[in-house]
Amino acid sequence: MPPDVVTMDKIVSLTKRRGFVFPSSEIYGGLGSSYDYGHYGVLLKNNVKDQWWRAMLQERDDIVALDSAIIQHPTTWKASGHLEGFTDPLVDCRTCKLRFRADKLEDSQCGRKPSKHPGETPECDLTEAREFNLMFETTIGPVKEEGSTVYLRPETAQGIFLNFRNYLQFSRKKPPFGIAQIGKSFRNEITTGNFIFRTREFEQMELEYFVPPEEAEQWFQTWLSARMDWYTRLGIRADHLRLRAHDAEELSHYSSATSDVEYLFPIGWSELEGIAYRGDFDLTQHSRYSGQKLEYVDSVAGRRYVPHVIEPSAGVDRTMLAFLVDAYDEDELEDEKRTVLRLHPSIAPIKVAVLPLVRKDGQPELASGVYRELRELVQAEYDEGGTIGRRYRRQDEIGTPWAVTIDHQTLEDRTVTLRDRDSIAQDRIAIDALGEEIERRLRAPWRSPKLGASP
Ligand code: ATP
């Protein structure tokens, strides 16, 4: 198999050029590590989120959805331990004036490693580590001094715990059951970077799965494999994914076991998702601080207990980056270099492009009719500008799995060609059968062509 051609620079440049991701506030010189998602970025991100919702809600009956507020009662963060413990150790280098996370020095350019020092100075001179809280603070009320301090949530999970009682009442669920949510989180990260891998504002997809304490270990294992499956089902190469268990020092304040799903990014193996066994820490803490009972009463078994929690927590932006990295490919077609995103069809921003071969002879009219029909079914795009080869390349570059071409023959027998992004095969097919064929292909199993021919 040829070596992977992808680098982070290529992803940054492709996504900017094709309107997936823009550096934020660029006309004012940019704001470090802040990004805006453009048209194809929004479509891609929505597909990632839709697939997550699908796996959590549509394919199961033990999980319900939530969309909680970003700003919650400030006591939330006392109870959750974030005010006290959601800190990273910060060190400054007196020589190079850069700031680092002490626990990630190995990955940084500094870290008393003269050869890696950005300014090639002989020796870095690091301060002692200071703990730095990652929560963004703001105030409620128009006058800052009189307002009460609140926080932008650093994780979506706490909104779920605060609603636990509501869900017991309205959903009548009995553990094991889960509450899932997708939403923005904010962290005043010391070191950001690597594009959308680590930013201060990002989206999370989190599930809190409540279980009877004695079933926790079994459910932890179940969720580890369910989450690995989700990525591979959506085409991520299995040899670029792994599970890594945290050792004792690495565990968060709330967790007694955590494993990370890691992906082999161009920056090396890095966390994509954390799957934590949180015990009864959160419900017990919120119960203590609120004075409300947060427990499940099993009247049949005559037993009451605080459920234990398994939490798979993934970043939308990081997952999107992994899909892009895994899909990025370059090859040669008709002596021309081609950049192609080999995305799983259900993740691809555009499913089908409709292209008239020439801009005359009634082809554009016929093509736009086909386009209007297909867009009822899937996200489609119409393009009549430039040579057909260029238009195929444009679609390949944004990962569109199929292209429909309307040509001279279409006018005679109402058939079109259906081109496949990965195999380049072109099938002749009746216009009337197109919709069904595209839906059939969307449902069919898909395997990354980057894996080579052998299964
Ligand atoms: P890291 O060590 O990489 O900062 P973390 O262990 O602090 O991550 P968690 O608190 O477990 O992250 O959050 C769950 C998920 O949310 C992560 O696996 C990641 O996908 C995403 N995430 C966390 N922080 C960020 C961030 N600053 N930018 C983008 N995504 C993030």
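Helix 13, residues 431-443, lies across four strands in this predicted model. These are strand 19, strand 21 (402-406), strand 22 (415-420) and strand 23. Against strand 23, the helix runs at about 125°.

What is the order of the strands in the sheet? The order is 20-19-21-22-23, five strands in an open sheet. The pairing is mixed. Strands of a sheet pair through backbone hydrogen bonds, either parallel or antiparallel. Strand 20 (380-382) sits at one edge and strand 23 (426-430) at the other, and each pairs on one side only. On average, neighbouring strands of this sheet are turned by 25° against each other, with direction ignored.

Now take the pair formed by strand 19 and strand 20. Strand 19 covers residues 352-356. Three bridges join strand 19 to strand 20, and the two run parallel. In this pair, Ala-353 stands opposite Glu-381 of strand 20.

Next comes the ligand. How many residues surround the ligand? There are 15. The closest are Phe-202, Gly-274, Ser-313, Gly-315 and Arg-318. Four elements each give two or more residues to this shell: strand 10 (201-211), strand 13 (268-279), strand 16 (308-315) and helix 9 (316-327). Which element gives the largest share? Strand 13 does, with four residues.

The shell can also be read by residue class. Seven of its residues are charged, five are polar and three are nonpolar.

Methods:
Residues numbered from 1 in each chain as written. Predicted model: local features only at pLDDT ≥ 70, side-chain atom pairs only at ≥ 80, totals over all residues. Pairing = 2+ DSSP bridges. Axes fitted to C-alpha atoms, helices over the stretch in contact; angles between N-to-C directions. Contact = placed C-beta atoms within 7 Å. Near = placed C-beta within 6 Å. Nonpolar A, V, L, I, M, F, W, Y, C, P; charged D, E, K, R; others polar.
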